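Reader: I'd like to go through this one with you and press you on the wording. Could you show me the model before we start?

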Amino acid sequence: MRQSSPLSTTGAGHVAPDIFAAGGRRRRKWRRTLFPYLLVAPAVLYLLMITLYPGVYAIYQSLFDVRFQGWTWAGTANYERLWNDREFWAALGNTLIIGGIALALQCALALLLAYHAYRDPFVRGWRIIFLVPMLFMPSAVAFIWKLAFNDGRVVSDLLMRAGLVSDNIGFLSSVWLSRMTLIVADVWQWTPFLFIIFVAALQSQDEEVEEAARLDGASWPAIFWNISLPMMRPVIAVAVVLRGIDISTMFANVMIMTQGTPGGSTETISYFIYRIGFKTFNFGYASAISVVMLIATIVIAQVVVKRAFRSGSTP
Amino acid sequence: MGKFDRLSRRTFLHNSVAAGAVGGVGSLLATPLRAASDLPDPASILADISISKYVRADYRDLYGMSDDKPIWDDSKDWIRTVDWEAVRSQLSGTTVRFAIGAADQESAAEGLVPFEALSGITVELVPIPDDSFYDKAVAEFISGNASFDALQFFSPWLGDFAAPGFLIPLDDYAAKWNLPLDDFYDTYRLNYGFFNGQMFGIPFDCDIQMVHLRKGFAEQILGGPIDKWNSVPTYDELVRITAEMDKIEPGVAGVGLLGARGFWSTYTWEHVAAQAGMMLFDENWNPIFNGDAGMKGLETVLALSKNAIEGFAGAGWGENRAAWLGGQVAANISWQDSGTQAMRPDQSQIVDDFVTIYEPRIAGGTFAPPNIAGSTSCVASTAQNPEGAFLMLAFLTTSSIMAMNEANANGVAPGYRSVLTNPNLQAVSQPAEVWGKSLDYAWCAPRLPGMFEIEQALGNEINRALVGQITAREALDNGAAAVRAIMDRNGFYGSEPPVDFAATAPGMWVGKGRDLPF
Amino acid sequence: MMASQRRKRGESRILRYLILGTWALFCIVPVLWFLSIGFRPRTEIITPSPIYWPTFSLDAWWLLWGDWPMGHYLRNSVLAIIGSVLIDLVLAIPAAYSLARYTYRGRDDIGFYILSTRMMAPAIVAIPIFFLFRNMGLLDTVWALMLVYAAVNLSLVTWIIRSYMIDIPKELEDAARTDGASDLRILWEIIIPAVLPGIITAAVIAMIFAINEFLFTLLIASTRNAYTMSVALANFTGGSDGVIYNAIALAAFIAFVPVFIVVVLIQKHLSRGLTMGAVKG
């Protein structure tokens, strides 16, 4: 069997007649090295189209003052305005605070639940119950909690019956309470997501290490903390990255439940961009915000993604 | 979200029962271009535009409504006074393209069938997204090739559309076809219809904000039956009694307020501040609303908010309406539909337990019931069939159909004297009498280019004050700065402001110089 | 066997079931309550005190199917989701194969690029995408939704399938090559069947995320032509009727049930897919 170029990893190619040997080999070599690029090209091109074109367009538009009568050149005016815009920094802060707390809470809860669930075959059958919140549309979940907290006063009522409060609670009038309603909605819906990932990870861990530790007299919590948890690190990283991305773009909950009330303290960056673009029609400014967030995201993506996946699944 | 998006689009015939009765003349979609001779006799079509065909059966039974007890005046009802034969001879066979909010496509189609039969004009509906109606409409205008001839929209945008010349003046058509403009209350005609001294729109959904009280609670505090003018004569008194009413029943708060971010808060503040005598601008278009009157208004709203339902800071029209109709508040400061819809048992828990009163006064202020929001109907300047478009809009806004909208409590409200003073209409619309009498003194924000942005900016600041993040003074000062910037961007401080103050001033407060009604 | 060994040496089962049970209740009770909202008259939803034992009513059901084009919303959701998942599979399977089984310069960078597109927050590209589709005349079409959902989920689908492909023993491929099969044939006839469970899992996960997509859909869709269930819900708050909770609740369940059924069928594979290969076996 004729061997092709050493660069190829796939082994032998087709047999070619001797007359065309030299040229044929070169063609085959090109085809073979090109092949993996061709495989991945459609996906990459598609993504480039959806991310590159809008990115370039956004950058272009952000340099103008976009009015209905026309676009006037504004240079960096939009960016300067952004730098000084109290509402922008507030939205950024809100996103970090609300998102950070929600993510931390989800992770902790999911780990706690996974710890208790993974060793128990009885639970496996009931696993589907834990998945239910995740299967609702986010807008539906937002309405559930809007009704429970605000319009329908269910939470207030239950707390009153339990004797913990004496009057209906104004969730929307308090900065932290209204943030809490958003956090509860997100945690309720997405803890299950993390939960099943963590359970799968725990169940696939090597039994024998645990057995050995157990024989040495270690308690289950200690085993979990010192052995299982560290082994789960790549999985936790995957989960946190995935959920972190989605939380940082929290929109539906804000739009349906609070619209940023009170006074903008629950306005996330997504809602801020939407409001600027579609309620003040200031598309040049909104594009500037988008560009800034795009750059920030790319930077974070480079750092986080590379670190998270380096330790994980690269073969 | 709710009222803003759908205001101008719930035309009528939401109930398919009524629509079915009207549909006998033929479906909109299958309508071919008609020759004048094919069309049925106008009188027979007009006879079908009646209470028995248009008003919901359950409401008709509830209030004993019938065609013998008309709720409008035929002599002022444009569709019954216009010469349809003249219309047909001039315009039959033409087409009008009507931009309609997407949600109301079907009800509009049904409602326009009689118009097509009467006029011989075919109507093509152009659905436009409700959420981005403003943006889409303007984009169409700018392209110079708008895909519609006529549109109905939220009236505060009249300035934004009229100033750049996107709409055509309608004065000539109104004169030619005898549109009963004088039957409109001045505040509606001037503010929803006119821009810079010219007529650009026909008022459609005619709004007013009012004060509503729960009878049971209020009578308990006041110690007797409620007198609409005298029982709550001042806002200080309103603050006092809402504080008392707040304590009566655990689940019922003293008052409902629209305090959400954006224009909801703006409207609530404008409502009260107008009673304190607040005007938004001086004759050079400088914002002066952060003066004493504006402050007094905001301070009063803040005082009321102490007795307000716990979710007021996030309440837009939808939330506020639900809380009022569900019985969660003892008083409400909101549009007139709070007074009408609360009468309907299928929507309300508080039927027979509420009353709408006259606007409370503020010492040192004025009597200026607020004409806020509303919607208007206009013709695009690039319209292919402007006259046909005008006629269609005149049909949709005619007093009989508007009266029946009110009877159906579907949120679309009439602005005609002949309707609001009609005793049969008053019997089915509880606030009508107070509403009608208040309109001659109404306050209204001027329709300027940039007004939509202004209302948002102001409202966000006011919301911050309502939740205690900033003081009232800071809110209004921030608001004034933001408004000034917006006005500047729209050219108000240059050599030629886009709007003439003198032409617009009369509409800002039609009560100026009038004696108090009582 | 192993699990029961673990259980035997477990500590208090009471504590475990208490914690898990509480959470399970917290998951289910709001759902059941919301279901009860769907089956009651409107006047029993917003009241001074919440009503826990409402009267039964099918008002919302008739409202949904009568007054709203629920059929259109469902159709749009289904079309957009299926279309986008198909696009994703067509693009992702070759890409995943390339990332999983080949070594070449720039492979890791390409892989990271694909993954990082997941971080393109909708808000960031929403406005340019809105303009893009507007200029292309694709606003308010299901095609636009398909294209957008496909782009949003492509990274996820690629990486999930990739993780399954990594696990295929090399011998399988080598054997096929010695028989003279071309690379493409190997992909089609050997690799894909071998990772079919992974492909299905990836498709289902993409489906769940596509249903969840809200912001783009909100901006792109404006009429029944393109409104999907997720955005339609948010727009049931309009009109002179305010927020119609019972209709919203029922609509939410109409969307929930098919997803639930599909997930029950593939739940065995779901966890594996979501870890994207970070866990072996």
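**Terms put to the test**

Author: Sure. In chain C, 53% of the 281 residues count as buried. Keep in mind that this is a predicted model.

Reader: What makes a residue in chain C count as buried?

Author: The cut-off is 20 or more other C-beta atoms within 10 Å of the residue's own. In chain C, 53% of the residues pass that test. For chain A, with 315 residues, the figure is 47%.

Reader: How do you know what kind of secondary structure chain C has?

Author: A helix has to be a DSSP run of H or I with at least four residues, and a strand a run of E with at least two. Chain C comes to 13 helices and zero strands, so its elements read α-α-α-α-α-α-α-α-α-α-α-α-α from the N terminus on. Chain A has 13 helices as well as two strands.

Reader: What share of the contacts in chain C comes from residues 24 or more positions apart?

Author: That would be 76% of the contacts with a separation of 6 or more. In chain A, the corresponding share is 70%.

Reader: Why is helix 15 of chain B called roughly perpendicular to helix 24 of chain B?

Author: Their axes cross at roughly 80 degrees and come within 6 Å. The label covers angles from 65 to 115 degrees, so helix 15 of chain B counts as roughly perpendicular to helix 24 of chain B.

Reader: Which residues make that contact?

Author: From helix 15 of chain B, they are B:Phe263, B:Trp264, B:Ser265, B:Thr266 and B:Trp269. Helix 24 of chain B brings in B:Glu455, B:Gln456, B:Leu458, B:Gly459, B:Ile462, B:Asn463 and B:Leu466. Sorted by class, the contact has six nonpolar, five polar and one charged residues.

Reader: What makes B:Gly459 polar rather than nonpolar here?

Author: Just the convention: Gly is placed among the polar residues, so B:Gly459, part of this contact, goes into that class.

Reader: Which helix gives the most to the side of chain B that touches chain A?

Author: Helix 24 again. The contact takes 20 residues from each of chain B and chain A, and helix 24 of chain B gives the most to chain B's side, with five residues. By class, that side has seven nonpolar, seven polar and six charged residues.

Reader: How do you know where the domains of chain B lie?

Author: The bounds come from an automatic or database domain assignment. For chain B, the assignment gives domain 1 as 2-207 + 374-419 and domain 2 as 209-370 + 450-497. Twelve residues of domain 1 of chain B are in contact with 13 of domain 2 of chain B. On the domain 1 side, five are nonpolar, three polar and four charged.

Reader: And which domains does chain C have?

Author: Domain 1 of chain C is 2-38, and domain 2 is 60-275. Four residues of domain 1 of chain C touch seven of domain 2 of chain C, and those four divide into three nonpolar, one polar and no charged.

Reader: Why is C:Ala252 singled out in the largest nonpolar core?

Author: That core has 347 residues, and C:Ala252 is among those that touch the most other members, along with A:Phe198, B:Met392 and C:Ile161. Leaving out residues up to four places away in sequence, C:Ala252 touches A:Phe136, A:Met137, A:Ala140, C:Phe34 and C:Leu233. Helix 7 of chain C, residues 142-166, gives the most to this core, with 18 residues.

Methods
Residues numbered from 1 in each chain as written. Chains lettered and ligands numbered in written order. Predicted model: local features only at pLDDT ≥ 70, side-chain atom pairs only at ≥ 80, totals over all residues. Contact = placed C-beta atoms within 7 Å. Axes fitted to C-alpha atoms, helices over the stretch in contact; angles between N-to-C directions. Parallel < 35°, antiparallel > 145°, perpendicular 65-115°, else oblique. Core = buried A, V, L, I, M, F, W, Y, C linked by C-beta atoms within 7 Å. Buried ≥ 20, exposed ≤ 12 C-beta atoms within 10 Å, placed from the backbone.
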